[in-house]
Amino acid sequence: MGLDAARLPREKRVVAKIVPDTWPLPPEIRSKIGTRVGRQRLLSHQGQHLLILHQLPKPHVRERHAAVFWREPSGHWRCFPGRDDPSTLRELVEKLADAVDELDDDVERASSSSDYLEILRVARPLERYARNLHLVVAQLRDALPDDGDVLAVRDRAYEIERVIESIAEDADNGMQHTIARHTEEQARLATRIAKETHRLNLLAAFALPITAVGSVLGMNLTSGLEALPEPTSFWLIVGLSLGIGLFIRGLVRTDA
């Protein structure tokens, strides 16, 4: 109860933002306007047409603000916000077109799945917005078949709807392709690591008995190298060890 009371003043302000009180709308239309913006829709009564649209949605913002257009039977337009002219409706559609063009550029620059995911987070709301905007303007076009301004806006809204749908599809395909490519690379890398690990295990298994016996019994045997000068024997053993190590490394990397 306390929460509803606290929100009541805010709801009253929202009503004022949807349709100005100074507009002499017929009661049949005004009674259908709720306390919130709601979905985009067309309200008509005896030649009066009220478009309740949304302003361009902002990324990651769920709240929607109204853009209202009232066409009187005389052909006069009233718009809120904006000028009382059909161009205000066209400007609303062109703002959507600019946002779609910018999103298209983002798709061209995207290179990772996170880039495509961010694009989809913006594209999906724009796609729904464009679809509903076109639907409402198309309804107005059916009600006003002789209005050239409405026809132009309807056709432009349809064009933008097709473009944003294509962009969203391209972004989704790009993300799926990127994920699949990374998954394939990881699978290939995992297979390579498994093969190399297997070879190292074989080498360890081969050397383990000799190492264990040498550690337990010791290997202080006469080899004949004792007669060589001390620096010569040392570097000879080091070089021979490095050569054997490189040879074994080559064997391990075979078929890698």
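The following exercises, each with a worked solution, concern a predicted model of a protein.

**Exercise 1. Overall architecture**

Determine how many helices and strands the protein has and in which pattern they follow one another along the sequence.

Solution.
Step 1. The count gives six helices and four strands.
Step 2. Reading along the sequence yields the pattern α-α-β-β-β-β-α-α-α-α.
Step 3. For the chain as a whole, 30% of the 256 residues are buried. The accessible surface is about 16,700 Å², and carbon and sulfur atoms hold 58% of this area.
Step 4. Among contacts with a separation of 6 or more, 53% are between residues 24 or more positions apart.

**Exercise 2. Pairing of the strands**

Establish which strands pair, in what sense, and over how many bridges.

Solution.
Step 1. Strand 1 (residues 41-45) and strand 2 (residues 48-54) run antiparallel and are joined by five bridges. One of the partnerships places H45 with Q48 of strand 2.
Step 2. These two strands form a hairpin with two residues between them, and Q46 in the turn has a positive phi of about 50°.
Step 3. Strand 2 also pairs with strand 3, in the antiparallel sense, over six bridges. Here H54 stands opposite A66 in strand 3.
Step 4. Strand 3 is in turn joined by four bridges to strand 4 (residues 77-80), and this pair is antiparallel. W70 has R78 of strand 4 as its bridge partner.
Step 5. The hairpin of strand 3 and strand 4 has five residues between the strands, and G75 takes a positive phi near 100° in it.
Result. The pairings are strand 1 with strand 2, strand 2 with strand 3, and strand 3 with strand 4.

**Exercise 3. The environment of strand 3 and R71**

Decide whether R71 is buried or exposed, and identify what its side chain meets.

Solution.
Step 1. R71 lies in strand 3, which covers residues 66-71. Six of the six residues of this strand are buried, so strand 3 is largely enclosed by the rest of the structure.
Step 2. A66, V68 and W70 point one way from the strand, whereas A67, F69 and R71 point the other way.
Step 3. The relative accessible area of R71 is 14%. Because the limit for a buried residue is under 20%, R71 counts as buried.
Step 4. The side chain of R71 makes a polar contact of 3.0 Å with that of D147.
Step 5. Beyond four places in sequence, R71 touches G47, Q48, H49, H76, W77, L144 and D147.

**Exercise 4. The aromatic pair**

Classify the ring pair of W23 and W70 from its geometry.

Solution.
Step 1. The count comes to one aromatic pair. The ring centres of W23 and W70 are 5.9 Å apart and the planes stand at 35°.
Step 2. Planes under 30 degrees apart would count as stacked and those over 60 as edge-to-face, so the pair is tilted.
Step 3. The pair links distant parts of the chain, 47 residues apart: W23 is in the loop between helix 1 (2-18) and helix 2 (27-30), and W70 is in strand 3. Both W23 and W70 are buried.

**Exercise 5. The nonpolar cores and helix 3**

Find which elements give two or more residues to the largest nonpolar core, and examine residues of helix 3.

Solution.
Step 1. The largest nonpolar core has 38 residues, of which L51, L53, F69, L89, L96 and L103 touch the most other members.
Step 2. The elements giving two or more residues to this core are strand 2, strand 3, strand 4, helix 3 (86-109), helix 4 (113-143) and helix 5 (148-217). Helix 4 gives the most, with 12 residues.
Step 3. Another core, of 13 residues, lies apart from the largest one; I29, I33, V37 and A66 are among its members.
Step 4. Leaving aside neighbours within four places in sequence, L103 is in contact with I119, V122, A123, L126, I164 and I167.
Step 5. V107 is found in helix 3, and its relative accessibility of 11% makes it buried. V107 touches Y116, I119, I167, D170 and A171, not counting residues up to four places away. The C-alpha atoms of V107 and I119 are 7.2 Å apart, with 12 residues separating them in sequence.
Step 6. S87 is also found in helix 3 and is buried at 13% relative accessibility. A polar contact of 2.8 Å joins its side chain to that of R83.

Notes. Residues numbered from 1 in each chain as written. Predicted model: local features only at pLDDT ≥ 70, side-chain atom pairs only at ≥ 80, totals over all residues. Heavy atoms only, no water. Buried < 20%, exposed > 50% of the residue type's maximum accessible area, 1.4 Å probe, protein only. Polar contact = N/O pair within 3.5 Å; in protein donor to acceptor, adjacent residues only side chain to side chain. Contact = heavy atoms within 4.5 Å. Pairing = 2+ DSSP bridges. Core = buried A, V, L, I, M, F, W, Y, C linked by side-chain atoms within 4.5 Å. Phe/Tyr/Trp six-rings, centres within 6.5 Å; stacked < 30°, edge-to-face > 60°. Areas by Shrake-Rupley, 256 points an atom, 1.4 Å probe, with all protein chains shown as cover.
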